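Please open the model in a viewer and keep the sequence panel visible. The tour below proceeds by selection, from the whole chain to individual residues.

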Amino acid sequence: SLQTQCRHDAVNPLASSPTQSPLEIDSTTRPPFPPNIPWTHPPFCTAINNENKDDQEFCIFSSNSFNLGTGLSILLPPETVAGLTSTISNIKPHWDERVHLAKEAHNSDRPYTLIKIPGQGTGVVATRKIKQFETIMTGFPAVIIDNEFFPEDGKAGNVSDEEKEELYDELLERIGDKERVLSLARSRGDKVHVLEDVVRTNAFGMTLDGRKAKGLFPEIARMNHACDPNAYAQFRSRTLSLSAVATRDIMPGEEITISYIPIGMSTAYRHKHLSNWHFNCTCALCSAPEQAREASDARREHIIELFYGMQEPSTTYEDLIEMTKEFIELAQVERLITKIGEYYQVLMKLFYEKGDPVAARKYGKAALMFGEIFSDPDGEFCEGLREDMEIVERVISETGGQ
Ligand SMILES: C[S@@+](CC[C@H](N)C(=O)[O-])C[C@H]1O[C@@H](n2cnc3c(N)ncnc32)[C@H](O)[C@@H]1O
C-alpha cells in the first residue's frame, strides 16, 4: 500500500523539516561554537524544567550577517540549531527575491505597497496586476522561537515568566535590525513581554527538524488575514524563506491577504481559531450579507462531510466517483485552492485502495503540482507524494492499469 499517511499538518501549513544532517553536538556541555559556523554571538543557554520529561536545554543563537545584515536570532534546542546551521550559512537570496527585501534594492519592482486599512492597521496593497501563482514577495526570518515558550493562551507551560523575561531581553538585545521587529503590530497590550506579543501577533508556525516553532518574517507579517484570501504563505525549508504566492489574479489597488488559520472552515470555527490574534475579523467573507455567509458555511460543512464520507470503508467505488465530483465542485466554488493538493492526495490514496491506479495517478500528479506551489517542495508532503507516485507508476506498468 502507499506510504504517505502524513498530510500537511492541517493546523500548521508551514510544517516541514530541513534536510541537512545535524552537526555533532555534545549535549552534556555547551554547544560548540566553531569559527566556520555563521553565528556572530556566543550561544546563550538555559535548561528548562519539564515536569514530565528530562530537562531540556534551549539556546539563543544569533547571526548579525544573515539576510543582508538584518540579522537572525533563534531560541531552540541546540540539536535543532545544529541541523539548521548549513542552511543559514548557505543562504544567498536570489536577486528577484532580494528585490522585496533589501531596503536599498530596486523598490520600484515591488508589486505592492503598504497602506493604512481602516480598522486593520497597516496592510499590503497591489500596485500592479499580479498573476495567479506569481510570487509577490519572499522574506527571511528575524526571530525563530520554539513553541515550548508559547503554551496556549491561558495555560501555564514549563517556562516561568522570569526565565522568559531574561531570554527575551537577551534575544531582543541581539536582533540586528530592531525596528524591523519592534514596529510590527501588537495585540496583547503590556501584559506580556513586547517580543512575546510581537511574535504571537505576527509569527508563522513552522516545523524544524521535528520541533514546532514560530518564525517571525517581518515583511510578510504586514499582510492582513482574510477567510477567502488571494495569497498564500509558502515556507521553503531549503532556504528558510517564506514567500507570499498569489492564489488568483490580483488587481492594482486590491489588498493582498493570506489566511492565518487553516482554510475551509465555516464562520463559527474560523472565529474560534482567530481568537488567538485578538481581533474581530472584518474580511470580505465575514462581512458578506448573512445569506451569502450561510450559503458558504453550508458548502464548507458539506465539503467536510464528503471528505470524511469518502474515507469510510463502506464507500463503494461508484459512490467515491460521485462524491469526488461533488467535492471538487464545492471546493472550487469556495476557492479552496491551497487545500486542493491535500485533497487530491487523499483521492489518490482512495482510488488506489479501490484498485484504480490510473485514477490514483491522475490525482497524485495533481496533488504534487499543487503541493509544490503551496507547500514546501522539500517537505514531508511532497517527498511522500513522490514516493507514492513511484509505487503507483510501478503498479500501472506491472498490471497495465487493471
Ligand atoms: C500579522 S498582523 C497584520 C499586519 C497589521 N495590520 C499591521 O498593522 O502590521 C495581525 C494584526 O492585524 C490586524 N488584522 C489582520 N487581519 C485582520 C482582519 N481580517 N480584520 C481585522 N483586523 C485584522 C489585527 O490587529 C491583527 O492582530
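Begin with the whole protein chain: of its contacts between residues at least 6 apart in sequence, 66% join residues at least 24 apart, where two residues are in contact if their C-beta atoms, placed from the backbone, lie within 7 Å. This is a predicted model, in which local features need pLDDT of at least 70 and side-chain atom pairs count only at pLDDT 80 or more, whereas totals for chains, interfaces and linings use all residues. Residues are numbered from 1 along each chain as its sequence is written.

Colour by secondary structure next. The protein chain has 12 helices and 13 strands; these are DSSP runs numbered from the N terminus, helices being H or I with at least four residues and strands E with at least two. Of the 402 residues in the protein chain, 37% are buried. A residue is buried if 20 or more other C-beta atoms lie within 10 Å of its own, exposed if 12 or fewer, and partly exposed in between, with C-beta atoms placed from the backbone.

**Domains**

Select 44-258 as domain 1 and 290-399 as domain 2; such bounds come from an automatic or database domain assignment. The C-alpha centres of domain 1 and domain 2 lie 31 Å apart. Their contact takes 10 residues from domain 1 and 10 residues from domain 2. On the side of domain 1 that touches domain 2, strand 11 gives the most, with four residues. That side of domain 1 divides into four nonpolar, three polar and three charged residues. Here Ala, Val, Leu, Ile, Met, Phe, Trp, Tyr, Cys and Pro count as nonpolar, Asp, Glu, Lys and Arg as charged, and the others, Gly among them, as polar.

**Strands 11 and 12**

Select residues 231-236, which form strand 11; five of its six residues are buried. Add residues 241-246, strand 12, which pairs with strand 11 in the antiparallel sense over six bridges; pairing requires that DSSP find at least two bridges. Ala233 stands opposite Ala244 in strand 12. The two strands, 11 and 12, form a hairpin with four residues between them, and Leu240 in the turn has a positive phi of about 55°.

**Nonpolar cores**

Keep Ala244 selected and show its surroundings. Leaving aside neighbours within four places in sequence, Ala244 is in contact with residues including Ile136, Met137, Ile220, Ala233 and Ile256. Ala244 is also among the residues with the most contacts inside the largest nonpolar core, which has 58 residues. A nonpolar core is a set of buried Ala, Val, Leu, Ile, Met, Phe, Trp, Tyr and Cys residues joined through C-beta atoms within 7 Å. A second, separate core of 20 residues includes Leu320, Leu368, Phe381 and Val392.

**Ligand shell**

Which residues are closest to the ligand? Select Gly121, Thr122, Ala185, Asn224 and His225, the closest of the 21 residues that surround the ligand; a residue is near a molecule if its C-beta atom, placed from the backbone, lies within 6 Å of it. Strand 5 (121-126), helix 6 (194-202) and strand 10 (224-225) each supply at least two residues of this shell, and strand 5 gives the most, with three. The shell divides into eight nonpolar, 12 polar and one charged.

**Two loop residues**

Finally, select Phe133, in the loop between strand 5 and strand 6 (135-139). Although not a glycine, Phe133 has a positive phi of about 75°. Move to His278, between helix 7 (267-274) and helix 8 (290-310), which has a positive phi of about 60°.
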